[in-house]
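Reader: Please take a close look at the interior of this chain. Short sentences are fine, with cut-offs where they matter.

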Amino acid sequence: MGVFSRVVRTTIPVGAAAYTAYAYKDEIAADGIYGVTAPFRQLHALVSTASNSWTNSSSTFDSSFPRGQWNSNWDFRDPMSLVDERKYSKATDEEKEKMIKDATPKFSRTIVLIRHGQYDLENKPYALTELGREQAVLVGQRLAELHKSAQPIDEVHMSTMTRATETANIILKQLPSGLPSSSDSILEEGAPYPPEPAVGHWRPHVKKFYSEGARIESAFRKYIHRASVKQKKDTTEVIVCHANVIRYFVCRALQFPPEGWLRMSIGNTSITVLIIQYR
């Protein structure tokens, strides 16, 4: 079976259930860079038929299985929310159908979230250690393989903090020259949301949750959303940032309680993949 790879692939649907899977290293070699294995594909098929199954009926279960409702307008880009309400109310059925179709994206966005490599915890500016640089080279080589064989990378974004910038620049050296890249302070590490349960070894001042939490939420809204209707192809973007940011992004994208972000562990140079598609 093999040991767990540090790859998590998650699809964010617009109006159905979400799925996630861990790939195994020996399966990755057989099935590609993300390890999309046969069981994973079966899970995908199961989710794809959710609209015809019992999972779509809230009356099937009693209070023993309380469930929240999936918010199809989670990124404020649901097609219905983008049409002109006044024109829609006066339109014929055919015109309404066309308005919704024109506001519906036709392509997917893949966001590859990379945590920075190991860094020096004792000395500012907290630069990468030798091991951290080796980790960045290896994850860069893996992304290069993705770029060549599976899905071209369109752009790389990075946090402005030293450890993330160093990691991203090492990754970029493994990728084709001239690939667009950008630095963004909104992706810096911080305290995204008061965690539950609380932990004794990490207790930032409450003010940080207001300032840094608002910034990280803004980063989520900026980078994690469905494609624009103007998008002409499936795209892949790499974001090199930090553990707290990535964990919060995953909770928000899957509509998990945001206070649960600290229940997950994100390793150095781990790969987390979010696929936002409209199918």
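Is cysteine 241 buried or exposed? Then please set out the packing around the cores, the helices and the aromatic rings.

Author: Cysteine 241 counts as buried, because its relative accessibility is 0%. Buried here means under 20% relative accessible area, exposed means over 50%, and partly exposed lies in between, with a 1.4 Å probe and protein chains only.

The model is predicted: local features need pLDDT of at least 70, side-chain atom pairs count only at pLDDT 80 or more, and totals for chains, interfaces and linings use all residues. Residues are numbered from 1 along each chain as its sequence is written, and side-chain values use heavy atoms, leaving out hydrogens and water.

Cysteine 251 is also buried, because its relative accessibility is 2%. Yet the structure holds zero disulfides. A disulfide would need two cysteine sulfur atoms within 2.5 Å.

Now the whole protein. Of its 279 residues, 43% are buried. Its secondary structure comes to nine helices and seven strands. These are DSSP runs numbered from the N terminus: helices are H or I with at least four residues, strands are E with at least two. Contacts mean heavy atoms within 4.5 Å. Among contacts between residues at least 6 apart in sequence, 72% join residues at least 24 apart.

Next, the cores. A nonpolar core is a set of buried Ala, Val, Leu, Ile, Met, Phe, Trp, Tyr and Cys residues joined through side-chain atoms within 4.5 Å. The largest one has 23 residues. Ile111, Leu113, Leu187, Ile224, Ile239 and Phe249 have the most contacts inside it. At least two core residues come from each of β3 (109–115), α8 (206–223), β6 (235–241), α9 (243–253) and β7 (271–276). Helix α9 gives the largest share, seven residues. Another core, of 20 residues, lies apart from this one. Its members include Ile114, Ala144, Met158 and Ile171.

Isoleucine 239 shows the packing residue by residue. Leaving aside residues up to four places away in sequence, Ile239 touches Ile111, Val112, Leu113, Ile114, His157, Leu187 and Tyr223.

Helix α9 is mostly covered, with eleven of its eleven residues buried. Polar and charged names appear in that list too: Asn244, Arg247 and Arg252 are among the buried residues. Glutamine 255 follows α9 and has a positive phi, near 60°.

Helix α6 covers residues 130–149. Its expected span is 1.5 Å times one less than its number of residues. For 20 residues that gives 28 Å, and the end C-alpha atoms are 29 Å apart, which agrees. Buried residues of α6 include Gly132, Gln135, Ala136, Val139, Gly140 and Leu143. An α-helix has 3.6 residues a turn, so residues three or four places apart point the same way. The buried residues of α6 pack against β3, α7 (162–174), β6 and β7.

Then the aromatic rings. The structure holds five aromatic pairs. Rings of Phe, Tyr and Trp (its six-membered ring) pair if their centres lie within 6.5 Å; planes under 30 degrees apart are stacked, over 60 edge-to-face, and the rest tilted. The rings of tryptophan 74 and phenylalanine 220 are tilted, because their planes stand at 50°, with centres 6.3 Å apart. Tryptophan 74 lies in the loop between α2 (38–48) and α3 (79–82), phenylalanine 220 in helix α8, and 146 residues separate them. Both tryptophan 74 and phenylalanine 220 are buried. Tryptophan 202 and tryptophan 261 form an edge-to-face pair, 5.5 Å centre to centre and 85° between the planes. Their loops are distant in the chain: tryptophan 202 sits between β5 (181–184) and α8, tryptophan 261 between α9 and β7. Tryptophan 202 is partly exposed at 25%, whereas tryptophan 261 is buried at 0%. Trp74, Phe220 and Phe249 form one aromatic cluster, and Phe249 also belongs to the largest core.

Last, the backbone. Most residues other than glycine have a negative phi, and most peptide bonds are trans. Threonine 269 has a positive phi of about 55°. Threonine 269 lies in the loop between α9 and β7 and is buried, with a relative accessible area of 6%. Phenylalanine 76 also has a positive phi, near 60°, in the loop between α2 and α3. The peptide bond from lysine 124 to proline 125 is cis, with omega near 5°. Proline 125 lies in the loop between β3 and α6. Glutamate 196 and proline 197 are joined by a cis bond too, with omega about 0°.
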